[in-house]
Amino acid sequence: KIKIAALKMMSSNTGISGAARIGRLLPGESGLQFKLPLIGRHVPKPEKPLDRVLPKYSGPVGKKRFDVLYFPGCSMRELYTGTAIHMVKVLNRFGVGVYLDFRQKCCGFPHLTAGDRKAFERLSSHNTGRISAFEGEIEYIVTACATCGSALKNNYSLPVPVKDINELLVNVLEVSFSRTPSENKPSTRFHHPCHLMKHQNVKVQPEKILRELTDYEEMQGSDFCCGFGGSFSVFERELSREIGDTKTAMIKQSFTDDGIRDEVLVTSCPGCMLQLA
């Protein structure tokens, strides 16, 4: 019953935004979120929802190359809004106009993996209809959520190609950050999300960006699962924690071996960000 209720909540934008509103009411460091049903973990305080901070269209800076439709997904719309804003600004900077459709819903992947195919089909049908309305106006659908990207590429039939943000920057826009000054570059390691590397074959692109922008080295177990897995981390909490603990040990060992003090762990999936944090 709890699983059904959780998936039903995710089926509507009203349910997701309602949960985010409750999260905004909680004192940031009170620890109350550890007492909430289905949560039991640290969750960052939700930021302002995306439809409150971004317009339906953000035009490019300078000469336009093409337009895209951004599919933010649930977490980027409500939890990691700041990351979504930065992504849109980066694309605008490189001549890409970005459309947003705030009537999009959850991609449905949590429902599909939980066995609720009917709910997934409803959500995918709704989103396909919303996306199809932009056909002829956009070159690509872009996402910064590995899970959404995997669902859109592998479980949808869409009239426009889907690109992860790393793919779009490296393979399509051919952006180079090689002129970045070498001094004061942060030291980074990258965690490869399963839904990005294993489901979309996107590996070299984020590594290329990090090599140009930072002092980057591949870490031990960079492609080892963090244990989040969406609803898996809720309904198989202990196993999720065990996998996460193994991953955490790998991360710590990687940085310890290199003697780095000011290290930054980078990833490209809101679910992985939540689990690793």
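Helix 8 (residues 146–154) is largely enclosed by the rest of the structure, because 7 of its 9 residues are buried. The structure is a predicted model. This briefing treats helix 8, then Phe120 and Gln275, two residues that also count as buried.

**Helix 8 and its surroundings**

- The buried residues of helix 8 are Ala146, Thr147, Cys148, Gly149, Ser150, Ala151 and Leu152.
- Among the helices that cover these buried residues are helix 4 (73–78), helix 6 (109–113) and helix 10 (194–200).
- The cover of helix 8 also includes two strands, namely strand 4 (140–143) and strand 5 (162–164).

**Phe120 in helix 7**

- Phe120 belongs to helix 7, which spans residues 117–132.
- Phe120 counts as buried because its relative accessibility is 4%, and the cut-off for a buried residue is under 20%.
- Leaving aside residues up to four places away in sequence, Phe120 touches Cys107, Gly108, Phe109, His111, Leu112, Asn155 and Tyr156.
- Pro110 is 10 residues from Phe120 in sequence, and the C-alpha atoms of the two residues are 8.3 Å apart in space.

**Gln275 in helix 14**

- Gln275 is located in helix 14, which comprises residues 270–276.
- With a relative accessibility of 14%, Gln275 counts as buried, since the cut-off is under 20%.
- The side chain of Gln275 reaches the backbone oxygen of Cys226 at a distance of 3.0 Å.

Notes. Residues numbered from 1 in each chain as written. Predicted model: local features only at pLDDT ≥ 70, side-chain atom pairs only at ≥ 80, totals over all residues. Heavy atoms only, no water. Buried < 20%, exposed > 50% of the residue type's maximum accessible area, 1.4 Å probe, protein only. Helix = DSSP H or I, 4+ residues; strand = E, 2+ residues; numbered from the N terminus. Contact = heavy atoms within 4.5 Å. Polar contact = N/O pair within 3.5 Å; in protein donor to acceptor, adjacent residues only side chain to side chain.
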